[in-house]
Amino acid sequence: MVNSTKHPKGLYVLFLTEMWERFSYYGMRAMFVLYMIKCLTLSKEDAASIYGSYTGLVYLTPLIGGYLADRYWGKRRSILLGSLVMALGQLLMFVSACNYQSASAPFIMFLGLGALILGNGLFKPNISSMVGDLYEHSDSRRDAAYSIFYMGVNVGAMIAPLWCGFISNGDSPEGFKWSFLSAAIGMIIGGLTFYFLKNRYLISPEGNPLGTKPVRNVEQQQKSGSSKSLLIWGAAIGLTLFGLFYQGGSDLIGAIIYSVSITVPVIILLDRSLTVLERKRIGVIYAITFFVIFFWAAYEQSGASLTFFANEQTNRNVFGWEMPASYFQSFNPVFIVLLVPAFNYLWKILGKHGLEPAATMKQAIGLALLAVGYLIIAKGVDGVAPEVKVSIMWLTSLYFIHTLGEICLEPIGLSIVNRLSPARYSSLLMAVWMLSSATANKFAGVLSTLYPENGVPKSLLGIEIATTSDFFMIFVYMGFAAAIILALLSRRLERLM
C-alpha cells in the first residue's frame with residue numbers, strides 16, 4: 001500500500017492532454033446544433049437526430065480503439081493517431097462553416113464528423129485506462145487520481161463553450177467557423193503535449209514505459225486463436241440483432257450502436273481464457289454500465305433539447321447583455337471544477353468514520369440527483385406559455401444539481417472499471433464502459449426529437465408531450481426508477497467486487 005498523497009507527474013501529462021481534447025470536443029459540440037439550425041437551416045428534430053447519431057458513434061468507436069491498443073498498437077500510438085485524426089475532423093468542420101451557404105457544406109461537415117468519431121475511438125479509452133496504469137492495484141490514490149483527471153476533462157469543457165461562444169460573435173452564422181478552428185487548434189496542442197512529455201513522465205510504478213506496443217506470449221496467442229469461432233458466432237448474433245432493431249423501426253446508426261452494445265460485452269464475457277473471478281468482476285462492470293445509460297441519456301440533453309430551451313425559452317439578459325445560449329454548457333464544468341475537491345474531502349471524512357457510501361450506492365445517489373434536477377425545472381416551467389421566457393436560475397439550478405450527480409457517478413465508475421478489468425482487457429473494457437455513453441447519446445438524440453416544437457404535441461408510449469414541462473418529466477421518472485433499482489442491487493454488486 002502506497003501511503004504518499006503525492007501523485008506521479010504522468011497524471012498531469014494526461015490531465016493536460018485530456019483537457020485540450022475536451023476543449024476541442026466541447027467547443028465544437030456547443031456550436032454543433034446551433035450551426036445546423038442557423039447555417040444549414042435544418043429543423044430542430046433533424047438537428048437533434050444528427051446530434052444523437054454523432055455523439056453516439058463518438059462513444060462507440062472506442063471499442064475499436066481499445067481493441068487495437070490492447071492487441072496490436074499500444075496506447076501511446078493510439079492516442080497520438082487519434083489526436084491527429086480529430087484535429088483533421090475539426091479542420092473539416094471549419095471548412096464546412098466557411099462555405100455554409102454552398103451545397104457542399106453538409107457533405108464536408110459529415111466528413112469532419114466521421115474523422116472526429118474515428119479519432120475519438122483511438123484516443124478516449126486509452127488515455128482513460130492509462131491513468132490507472134500509473135498506480136499499483138493496491139494504491140489508495142487511484143480514486144483520487146481519476147477525480148483529478150476528471151477535473152482536466154471539465155476544465156477543457158468549461159473553457160471551450162465560453163471561448164467558442166465569444167469568438168463566434170453571439171452564435172452568428174458568420175462566426176461558427178472560428179469556433180471550429182479553435183477546436184482544431186486545441187486538439188493540436190493536446191496531441192503535442194502528449195508527444196513531447198510521454199517518454200519522460202508516463203512510466204509505471206516499476207519505472208517501465210507505459211502504453212508501448214503489447215507483447216503477447218504463446219499461451220495468450222493460443223487462447224486467442226481458439227476464440228475465433230466465438231468471434232464469428234458473436235458477429236452472427238450482431239447481424240441478427242441489427243436486423244431485429246432495423247426491422248423494429250430504428251435508424252441505421254441506432255441499429256448499429258444498439259446491436260454492438262449488446263453483443264460485444266457478451267463476446268468478451270464468453271472468452272475461455274477468463275477465470276471465474278474475472279467473469280464476476282466483469283459482470284459488475286456490465287451492471288454499472290447498464291445503469292449509467294439512463295444517467296447520460298438525460299444528462300446529454302444539454303447539447304440538444306436544453307440548448308433549444310436556453311435559446312428560446314430562457315431569459316439570457318444579464319445586466320443588459322444577452323448571454324449566448326452556448327454559454328450554458330460551461331455551467332456544469334465550472335461547477336465540477338469547484339466541487340470535485342470538496343467531494344474528495346467529503347468522501348475522505350466519511351471514510352474515516354466508516355460512513356462513506358459504497359461505490360455503487362454513490363452512483364445510485366447520482367441518478368437520484370439527476371431526477372431531482374429535472375423535477376425542479378419541470379415545476380419551474382409548468383403552466384408557462386412557450387413564448388414566455390423564464391429566469392436563468394431554473395436552468396442554472398438544473399446544471400448545479402446534475403453536477404452533484406455526475407461527481408457521484410462518473411469518476412467512481414472509471415475507477416471501478418480500471419480496478420476490476422483484467423490487464424489484457426483494460427482498454428477494451430474501458431471502451432465497453434463508453435458503450436453505455438454511445439447507447440445513451442443515441443437515445444438522448446431520440447428523446448430530444450420529442451421536444452415540443454411550434455405548439456404541436458408529441459407522444460411517447462401513448463403519453464402526450466405538449467409542453468416543455470411534460471418533456472422534462474420523462475427524465476424525472478427515468479432517473480428515479482434507475483436510482484431505486486441500483487440502490488437495491490448495491491450490496492450484492494459490492495460483494496461481487
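**Entry 1. Helices α3 and α5**

A crossing of two helices is called right-handed if the near helix is turned clockwise from the far one by less than a right angle. I noted this first, since the term is needed below. I also noted that the model is predicted.

I then looked up how helix α3 (residues 62-73) meets helix α5 (residues 105-133). Their axes are 7 Å apart and the packing angle is about 65°. I recorded the crossing of α3 past α5 as right-handed.

Next I asked which residues of α3 and α5 meet. On the α3 side I found Pro62, Gly65, Gly66, Leu68, Ala69 and Trp73. On the α5 side I found Asn120, Gly121, Leu122, Lys124, Pro125 and Asn126. I sorted the residues of this contact by class and obtained six nonpolar, five polar and one charged.

**Entry 2. Helices α10 and α16**

I turned to helix α10 (residues 252-269) and helix α16 (residues 426-448). Their axes come within 10 Å and cross at roughly 155°. Angles over 145 degrees count as roughly antiparallel, and therefore I entered α10 as roughly antiparallel to α16. The crossing of α10 and α16 is left-handed.

From α10, the contact draws on Gly254, Ile257, Tyr258, Val260, Ser261, Pro265 and Ile268. From α16, I listed Leu428, Leu429, Val432, Leu435, Ala438, Thr439, Lys442, Phe443 and Val446. By class, I recorded twelve nonpolar residues, three polar and one charged in the contact of α10 with α16.

**Entry 3. The largest nonpolar core**

Which members of the largest nonpolar core touch the most other members? I found Phe32, Tyr35 and Tyr374, in a core of 146 residues. Helix α1 (residues 10-38) gives the most to this core, namely 15 residues.

I followed Tyr374 further. Setting aside residues up to four places away in sequence, I found Tyr374 touching Ala298, Gln301, Leu306, Leu398, His402, Phe472, Phe475 and Val476.

**Entry 4. Two buried residues**

I looked up Arg29, which lies in helix α1. Is Arg29 buried or exposed? Its relative accessibility is 3%, and buried means under 20%, so I entered Arg29 as buried. Apart from neighbours within four places in sequence, Arg29 is in contact with Tyr51, Glu300, Ser302, Gly303 and Gln329.

I then looked up Gln363, which is found in helix α14 (residues 359-380). Gln363 has a relative accessible area of 1% and is therefore buried. Residues up to four places away in sequence were again not counted, and Gln363 then touches Ile288, Val292, Cys408, Leu409, Gly413, Ile416, Trp433 and Leu486.

**Entry 5. Two residues with positive phi**

Where is Thr41 placed? I found Thr41 in the loop between α1 and α2 (44-58). The phi of Thr41 is positive, at about 55°, although Thr41 is not a glycine. I noted a relative accessible area of 65% for Thr41; exposed means over 50%, so Thr41 is exposed.

My last residue was Phe319, in the loop between β1 (317-318) and β2 (321-322). Phe319 is a residue other than glycine, and its phi is a positive value near 50°. With a relative accessible area of 88%, Phe319 is exposed.

Notes
Residues numbered from 1 in each chain as written. Predicted model: local features only at pLDDT ≥ 70, side-chain atom pairs only at ≥ 80, totals over all residues. Heavy atoms only, no water. Axes fitted to C-alpha atoms, helices over the stretch in contact; angles between N-to-C directions. Helix = DSSP H or I, 4+ residues; strand = E, 2+ residues; numbered from the N terminus. Parallel < 35°, antiparallel > 145°, perpendicular 65-115°, else oblique. Contact = heavy atoms within 4.5 Å. Nonpolar A, V, L, I, M, F, W, Y, C, P; charged D, E, K, R; others polar. Core = buried A, V, L, I, M, F, W, Y, C linked by side-chain atoms within 4.5 Å. Buried < 20%, exposed > 50% of the residue type's maximum accessible area, 1.4 Å probe, protein only.
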